[in-house]
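Work through the exercises below with the structure open beside you. Try each task before reading its solution.

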Amino acid sequence: MEQLKTIGRELAMGSQGGFGQSKEFLDLVKSIGEARSKAEEERIVLHEIETLKRRLAEPDIPKRKMKEYLIRLVYVEMLGHDASFAYIHAVKMTHDDNLVLKRTGYLAVSLFLNDDHDLIILIVNTIQKDLKSDNYLVVCTALNAVCKLINDETVPAVLPQVVELLAHQKEAVRKKAIMALHRFYQKSPSSVSHLVSNFRKRLCDNDPGVMGATLCPLFDLITIDVNTYKDLVVSFVSILKQVAERRLPKTYDYHQLPAPFIQIRLLKILAMLGSGDKQASEKMYTVVSDIFKKCDSMSNIGNAVLYECICCVSAIHPNPKLLDQAAQVISRFLKSDSHNLKYMGIDALGRLIKISPEIAEQHQLAVIDCLEDPDDTLKRKTFELLYKMTKSSNVEVIVDRMISYMISINDNHYKTYIASRCVELAEQFAPSNQWFIQTMNKVFEHAGDLVNVKVAHNLMKLIAEGFGEDDDTADSQLRSSAVESYLRIIGEPKLPSVFLQVICWVLGEYGTADGKYSASYITGKLCDVAEAYSNDETVKAYAVTAIMKIYAFEISAGRKVDMLPECQSLVEELSASHSTDLQQRAYELQAVIGIDAHAIESIMPSDASCEDIEIDKNLSFLNGYVQQAIEKGAQPYISENERTGMLNINNFRNQDQPEALSHSLRFEAYELPKPLVPSRVPPAAVASSTELVPVPEPYYARETHQAASLPSVSAAGSSELKLRLDGVQKKWGRPTYSSSASSTSTSSSHKTTNGVTQVDGVSTSNSKGRDTYDSRKPSVEISPEKQKLASSLFGGSSRTEKRASSGNHKVSNAAEKSHVGKAAGAHSDAVVEKINREPTPDLLDFSDSAVTSTAPSVDPFQQLEGLLDQTEATSTMNNGAAGASRTPEIMGLYADSAVSGLSSSVANRDEFNLASELSNAARTSQVGVSQLNKGPNPKDSLEKDALVRQMGVNPTSQNPNLFKDLLG
């Protein structure tokens with residue numbers, strides 16, 4: 001009765017589509033399987049995606065239906081289409097309490113998401129809760145998801161729970177916990193480095209499944225560090241012995257072989273632990289021999305275990321008994337009709353040849369049969385074996401077989417590989433020189449340009465060095481054989497470029513060495529090569545160099561050189577070539593022909609291509625020449641680190657000739673412009689200085705004292721080009737002109753020495769800021785062109801200067817103006833002649849320069865008379881401190897624009913500014929010096945202009961129309 005009920009339930013499920021799935025899903029699978037084209041499959045899957053999107057958008061979907069939808073989406077993803085719109089539904093299903101739905105959700109999430117997906121964070125809490133579940137099936141499901149979804153960042157979140165599960169009562173949970181820890185080790189070894197001892201403990205687990213799972217992480221650990229696990233050799237041997245003796249449950253048998261995969265893993269581990277360790281290897285001999293005897297070779301899994309035994313025997317310390325057993329197994333493999341077994345036999349034979357070469361001799365016929373097998377993979381594996389078996393006695397046969405196979409295949413990559421193998425074998429085991437040269441010719445001829453360039457270089461090196469013995473006769477015969485063979489081959493059409501390079505080099509080095517061939521004959525052949533391969537510049541270069549060598553050897557031998565007409569035409573052609581390399585070689589050939597024999601012997605000695613060349617990297621032989629050149633005024637050499645800007649810029653100050661750097665490229669950033677620090681400097685030093693010192697805006701009181709104390713500076717520096725920072729419009733921030741505050745920030749204390757007032761020092765606050773600035777930014781000498789460029793790019797004064805000047809603006813201005821009368825009165829006699837010789841220009845007068853004595857009829861500032869109170873203006877002029885605080889230095893703002901029309905240097909402009917201030921000072925002290933006045937009172941105009949600028953009006957041209965700017 002129960003059987004009838006079961007059949008009824010199965011029939012009911014079949015009517016619904018089978019296994020609880022709807023008929024719609026089964027029809028989808030069937031239609032995709034019956035699709036006849038990729039386009040039809042795409043159409044079916046896209047239609048299914050649209051259907052699922054519509055179904056998932058419906059509210060209150062039954063859980064059974066959602067489970068089916070996720071399975072259908074898994075099918076869609078497996079076919080390569082995007083189902084990301086349903087990922088969140090899979091995540092939600094992992095939260096379900098129903099085991100079937102939870103497992104479906106974990107399955108879908110594991111297939112949909114990678115460990116770096118954004119939705120992983122939503123699953124971590126669910127996994128943590130499931131790992132603590134009382135239902136071990138839920139725990140196993142969560143552990144499966146851990147192995148797939150947890151990344152190195154989320155490992156710490158679940159690691160404690162996984163470690164606790166190592167002691168779980170269910171063996172399935174312990175096994176999956178070991179697998180999870182192994183996955184953690186692969187992703188983040190540092191996170192589980194302290195848990196390695198747990199793997200050792202689980203190796204002794206009562207359940208074979210847990211023990212077998214522990215072998216995988218131990219294999220990875222032993223691969224990295226063998227010596228740490230040497231103590232486990234006895235344990236591994238004991239486990240392998242128990243497995244081989246069938247002490248495991250029957251459930252672990254596969255094709256009647258006891259736990260074959262555990263045996264294979266243990267044999268791999270023992271091979272690593274016994275490599276190079278005789279004591280450890282002796283513990284393995286017995287169990288490996290038992291496996292050889294008990295293993296069944298009638299099944300594939302049995303042959304796999306036997307193959308792993310052979311690999312283990314070839315890795316551990318050799319044992320004759322095991323080697324014989326391995327040779328018998330290899331013989332069965334090679335005699336089999338299966339290509340797979342033959343392949344395994346060839347590979348295993350290649351492993352044993354390293355230990356016992358005589359084993360290969362027993363299977364020569366089987367190996368030859370594999371060479372003639374139509375299976376290309378087996379044939380290539382056999383060639384690898386032959387390469388390992390090659391000796392002096394069989395090298396000719398093996399290399400001939402390799403060359404024949406190389407000619408028959410079209411795989412260029414493997415052709416290159418076979419060619420290199422042939423060259424190596426010919427170099428090591430060549431029975432004669434003639435055979436060696438012929439073999440090389442065949443390789444180059446048939447492999448063509450696929451031959452690695454290193455092979456050609458090795459061949460040329462071998463011909464030059466010989467066979468490494470002291471027998472010069474054998475080396476000469478080798479070179480003569482090469483020359484003869486190459487002269488025969490050189491006439492063949494379409495030779496590979498690499499082969500032609502070798503031919504040209506050998507003919508150039510040894511073509512006339514034995515005296516059998518004349519220089520004319522060899523050079524004629526080389527000219528023919530260069531003409532036949534005119535499109536290959538490398539071959540032409542080799543040919544020209546070979547001709548040069550032949551002529552050089554002839555000249556050094558004292559023989560007369562007669563260049564052939566074809567050689568002359570070749571040299572003339574190459575002298576006009578577009579290739580600079582060919583031009584150079586042609587000119588070198590012409591130069592060598594005209595050199596005497598003694599010089600030729602020194603430049604191009606015969607047969608010296610392999611001699612070591614001593615290179616003097618410091619070029620010490622040029623020290624005398626360099627010293628003489630420096631004594632004559634040449635510039636010293638600048639080292640590479642200085643040229644690349646790696647050297648500290650402060651070191652440049654200590655050089656004897658710093659101007660050498662003014663014309664070199666600089667890779668450092670531009671320094672911020674610094675104000676001129678007045679100091680006591682000899683006139684000659686000031687005149688010759690080219691240091692980058694930004695000249696501040698002209699402040700007349702201070703410059704009066706400077707001019708008086710240093711009367712020769714202006715004249716000497718009239719041709720000096722300095723960087724002026726005043727009057728340059730700012731390109732960033734509010735549209736205005738640079739303030740002259742930085743120039744007035746240096747308040748000086750004066751003292752009189754021998755009737756001359758001099759600048760003695762600077763104010764404390766400003767000097768502190770300047771010292772700090774100078775300590776950070778050392779001054780560097782810059783060429784005039786770079787000064788102009790810096791002036792254009794960085795016209796305004798630095799922020800440091802402005803901050804330092806803001807606090808002392810009033811004091812410095814007042815202090816300087818207080819000394820105007822004294823300085824002018826004391827030095828008026830010294831400067832009268834200079835002032836009369838060079839009239840003082842009014843920088844605010846933009847009229848024609850021809851009018852020198854009359855003032856302008858209309859002052860543009862007089863029209864703004866009502867804007868400025870006369871009393872206020874008068875008080876502003878009389879009170880220096882207040883005037884300094886309210887009136888900016890307009891003279892400094894207009895200094896550049898006013899004198900820019902003059903073709904003079906910055907020093908000349910300084911003379912104009914000094915002369916103008918001296919004239920005002922002299923007039924104030926009533927010295928009685930007759931001066932030329934142009935325009936209105938400059939200070940009145942300055943006060944008015946300052947007020948206008950405070951209202952936001954800036955001049956738009958050299959002669960600003962202020963009313964137009966104000967009224968639009």
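**Exercise 1: A buried pair**

The side chains of K549 and E509 form a salt bridge, with 2.8 Å from N to O. The model is a predicted one. Task: find where the two partners of this pair lie, and decide whether K549 is buried or exposed.

Solution. Step 1: locate the partners. K549 belongs to helix α30 and E509 to helix α28. Step 2: check their separation in sequence. They are 40 residues apart, and the pair links distant parts of the chain. Step 3: check the burial. K549 is buried, and E509 is buried as well.

**Exercise 2: A pair between loops**

Task: state which loops are linked by the salt bridge of D277 and K230, and classify both residues by accessibility.

Solution. Step 1: confirm the pair. The N to O distance between the D277 and K230 side chains is 3.2 Å. Step 2: place the residues. D277 sits in the loop between α14 (260-274) and α15 (278-282), while K230 sits in the loop between α12 (208-224) and α13 (233-244). Step 3: apply the cut-offs. Buried means under 20% relative accessible area and exposed means over 50%, with partly exposed in between. D277 has 22%, so D277 is partly exposed. K230 has 23%, so K230 is partly exposed too.

**Exercise 3: A lysine without a salt bridge**

Task: explain why K342 is not counted in a salt bridge with D373.

Solution. Step 1: place the residue. K342 is part of helix α19 (residues 339-353). Step 2: find the candidate partner. The nearest side chain of opposite charge is that of D373, 4.1 Å away. Step 3: compare with the cut-off. A salt bridge needs a Lys or Arg side-chain nitrogen within 4 Å of an Asp or Glu carboxyl oxygen, so this pair does not count. K342 is nevertheless buried. Step 4: list the surroundings. Beyond residues up to four places away in sequence, K342 touches F333, L334, S336, C370, D373 and L378.

**Exercise 4: Inside and outside**

Task: classify F499 and V626 as buried, partly exposed or exposed.

Solution. Step 1: take F499, in helix α28 (residues 497-510). Its relative accessible area is 0%, so F499 is buried. Step 2: look at its contacts. Leaving out residues up to four places away in sequence, F499 touches N441, F444, Y486 and I489. Step 3: take V626, in helix α34 (residues 623-631). Its relative accessibility is 42%, so V626 is partly exposed. Step 4: look at its setting. V626 helps to make a nonpolar surface patch of about 600 Å², together with L619, F621, L622, Y625 and I630.

Note on methods: Residues are numbered from 1 along each chain as its sequence is written. This is a predicted model: local features need pLDDT of at least 70, side-chain atom pairs count only at pLDDT 80 or more; totals for chains, interfaces and linings use all residues. Side-chain values use heavy atoms; hydrogens and water are left out. Patches are made of residues with over 30% relative accessible area and no salt bridge: like charges are joined within 9 Å, nonpolar side chains (Val, Leu, Ile, Met, Phe, Trp, Tyr) within 5 Å. Accessible areas come from the Shrake-Rupley method with a 1.4 Å probe; for residues, only the protein chains shown count as cover. Helices (H or I, at least four residues) and strands (E, at least two) are DSSP runs, numbered from the N terminus. Buried means under 20% relative accessible area, exposed over 50%, partly exposed in between (1.4 Å probe, protein chains only). Lys and Arg count as positive and Asp and Glu as negative; His and the chain ends are not counted. Contact means heavy atoms within 4.5 Å.
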